[in-house]
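Visitor: Could you take me on a close look at the aromatic rings in this model, and at what surrounds them? I would enjoy one connected tour.

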Amino acid sequence: MAMQSASAPLYEKISLKNDAKRAVEVFILFLLASLLAYRLVHLADHGLEWQVALVCESWFTFVWVLVVSTKWSPVSYKTYPQRILQRITELPPVDVFVTTADSQLEPPIITVNTVLSLMAVDYPAHKLACYVSDDGCSLLTFYSLMEAAEFAKLWVPFCKKYNIQLRAPFRYFAGDAATLSSEDCSMEFQQARDTMRDEYEKLSRKIEDASQGSVPSDFTGEFAAFSNVERSNHPSIIKIIVENKEGHPDELPHLIYISREKLPKHPHHYKAGAMNVLTRVSGLMTNAPFMLNVDCDMYANNPQIVLHALCLLLGTKHERDCAFVQCPQIFYEGLRDDPFGNQMVVLFKYLGRGIVGIQGPLYGGTGCFHRRKVIYGSWPDDVKTENSSLTSKGESTKEKSLNGFGSSKQLINSAAYAPRGNSDHPKDLASSLEAAIHVSSCTYEYNTDWGEEIGWMYGSATEDVLTGLAIHTKGWRTLYCSPNPPAFLGCAPSGGPTSMTQQKRWATGLLEILVSKKSPIYGTLFMQLHFRQCLAYLWILTWALRSIPEFLYALLAAHCIIINSHFLPKGQEPAILIPAAIFIIYNLYCLSEYLMTGLSMRAWWNNQRMQRITSACAWSFGVLSVVLKLLGLSETVFEVTKKDQSASSDGTGTELGRFTFDESPIFVPGTALLLVHLTAIVAMLLGLRPQASGNNGSGLGEVVCTVWVVLCFWPFFRGLFGKGKYGIPSTTIVKGAILAIAVVCLSRFTSTS
């Protein structure tokens, strides 16, 4: 039996093809092509509205081609962590990166829980090192980690002794632990659990008190480095909070705090820059061949996740088939029926797993296990010999690597072990501190390949997708890890402003990639990016651009009602069945995906309306940001989204999940679009429209479209009359009204000219 399990594969690839879904997708594509053909045949018989509709529907057809291609061959992987323990005598080291940037928007108690869950995973402690990057240089964050390290001395042994499954304390103590974990009910266990609860409450109180201003202010000892520091102007601070000096597997993993140097007028490259500093510092201190990066709010929910990932990383026949292992982003305590449309359950299940079946999943920025040598710029076809240094496209380039990695000889020496998967590093972490501070300085990357050929890529607010694209472009494949229970759980943004800020940042960063020299089109034409993988990237990179045709198409119905024209075939024409069939079949198709995922019809509707709101508001501002950047008028800014331990904190009772607003101009387009459609409805009801020529007036199709848009923007309709955070600010309403009046006047002008 042992021999059989030793020869068994570490993972299994499972095809998830569904012929019925494929047939519906192809039929929708056929209907879209038929509608375009009909419009082209009758193009000379209609005016501007028909032409605009043709352009928009051509774009929608193109997007649907991308969707069908991406979904065509979905795949999942099943891993067997028990087999890896039988097959491998010594597990490889793993460096864990946790990133935080703002102690106000990302409260340290959230970061602490994530760190504690990672320190307690089922993996030998002497093989783990946890690095926390604090880009806010917060004394509060450092103090919280110091206190958490003391609590970890009790928490980690408790979790492993009693096989606790939920190893983030705030989640463990929030529910019925006995039903959530494979625990015993002995008196000893109950006493240990009560002790842990008391200790965690003490830790929480200390951090809460510190956040209220009681952080140690004498700046002595470990806190001396934080004296007279500013968030954007301070030297590098690296602190070894916990060190497993003896290398015992049953003690605590290393815990290192890092706040890289910040100086005015020096580019910091946001999260990508922080990740590159983590890579260099960890390369000097522990130099593990594998690296896991998680956001500060994504705690380890499956204690065996490292073993699951290693099944994929070590189980492939060829390393080129697994550059990194991506886990899906799943959220805890999400509001019922996903009112803000940001839990992305259906997206990950269908489109996400479809991409897995091509060249592999996109890098999602968190919950991802990397090969260090891939991050260091290795190519799949690199030749690895005992005496080789770093290589590029199969050729040893030792001299180039010296220039590419910077001036630190210690870093170059440690990087030389990356192609072989070794982790040669000093036993004493403190001996690397001086070199670590050097490689975390602002000026270290000057005249190097960091951010261009090595590490996390610069040039986009979505550094994760850009970095993953660079890896796929070299010909690497990637794998997907979705164990049960889920690997990591995080908190989804709550409220309108937070959701829109996140979507705007994503749309901006993705469009930056599309218009850059690192576009997937270039990668397919001149490098090794697979064609269908290119299409998958284009689907996500064009999110921002989708706002333009979707906004115009949403305006068409109101425009036609205002000037008494039409852009859809008339009711008596058989061709009206084509757009009607597209509308009905597409929505039923989307609804079926939600129902098959276990979600409700209300969740489907919430996601549909939020898609329209996101496109009109957040994505349109993403386009504006990139246009201003290309014109040299402004630079894009990385905006950190607010994190909450509970996603359900935004309101109570009947207000729970209700859309919220603030004074941001991001809500102006949505407000204007709603006001235009309300104006069209009023004009139709009061007969304030010009007389239609012949049989060319607006019909039932335009009315249905207008009502549909109003229903999609119903949160904005309520916001017109709401108060406080549930009401649209008066300045936004005024700006939206001015824009709406301009659109109505333009419609009138085009109808008379």
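Guide: Let's start with R83, whose charged end sits over the ring of Y80, 3.9 Å from the ring centre. There is another arrangement of this kind at W50: the charged end of R39 sits over that ring, 4.4 Å from its centre. Please keep in mind as we go that this is a predicted model.

From charges over rings, we can turn to rings beside rings. The structure holds 49 aromatic pairs. One of them joins W64 and Y589 in an edge-to-face arrangement, with 5.8 Å from centre to centre and 80° between the planes. W64 belongs to helix α3 (residues 48-71) and Y589 to helix α22 (residues 577-596), so this pair ties together parts that lie 525 residues apart in sequence. Both W64 and Y589 are buried.

Another pair to look at is F170 with Y332, also edge-to-face: the centres are 5.6 Å apart and the planes make an angle of 65°. Here, too, distant parts of the chain are linked, since F170 sits in helix α7 (residues 169-172) and Y332 in the loop between β10 and α12 (345-356), 162 residues apart. F170 has 13% relative accessibility and therefore counts as buried. Y332 counts as buried as well, because its relative accessibility is 3%.

Rings can also gather in groups. F151, W155, F158, Y162, Y172, F173, F189 and Y200 make up one aromatic cluster.

Y332 brought us to the loop after β10, so let's follow that strand into its sheet. The sheet is open and has three strands in the order β8-β15-β10, with mixed pairing. Its edge strands are β8 (299-300) and β10 (330-331), and each of these pairs on one side only. Between β10 and β15 (residues 488-490) the pairing is parallel, over two bridges. If you want a residue to click on, I330 has L489 in β15 as its bridge partner.

There is also an open sheet of eight strands, again with mixed pairing, in the order β5-β6-β4-β3-β7-β11-β9-β14. At its edges are β5 (237-242) and β14 (479-480), each pairing on one side only. Within this sheet, β4 (residues 128-134) and β6 (residues 254-259) run parallel and are joined by five bridges. An aromatic residue takes part here: Y257 in β6 is the bridge partner of V132. Helix α10 (residues 270-285) lies across β3 (94-100), β4, β5, β6 and β7 (290-295), and runs at about 150° to β3.

One more ring-bearing side chain deserves a stop, though this one is a proline. P419 is placed in the loop between α15 (409-415) and α16 (433-439). With 6% relative accessibility, P419 counts as buried. Its C-alpha atom is separated by 9.5 Å from that of R371, a residue 48 positions away along the chain.

Finally, how far can you trust what you see? The protein chain has a mean pLDDT of 90, and 92% of its residues reach 70 or more. Over residues 383-389 the pLDDT is below 50, and this stretch has 14 contacts in the model beyond near neighbours in sequence. Residues 647-651 are also below 50, with 22 contacts counted in that way. Where pLDDT is low, the predicted coordinates should not be read in detail.

Definitions and conventions
Residues numbered from 1 in each chain as written. Heavy atoms only, no water. Pairing = 2+ DSSP bridges. Helix = DSSP H or I, 4+ residues; strand = E, 2+ residues; numbered from the N terminus. Phe/Tyr/Trp six-rings, centres within 6.5 Å; stacked < 30°, edge-to-face > 60°. Buried < 20%, exposed > 50% of the residue type's maximum accessible area, 1.4 Å probe, protein only. Lys NZ or Arg CZ within 6 Å of the ring centre and 35° of its normal. pLDDT = per-residue confidence, 0-100. Contact = heavy atoms within 4.5 Å. Axes fitted to C-alpha atoms, helices over the stretch in contact; angles between N-to-C directions.
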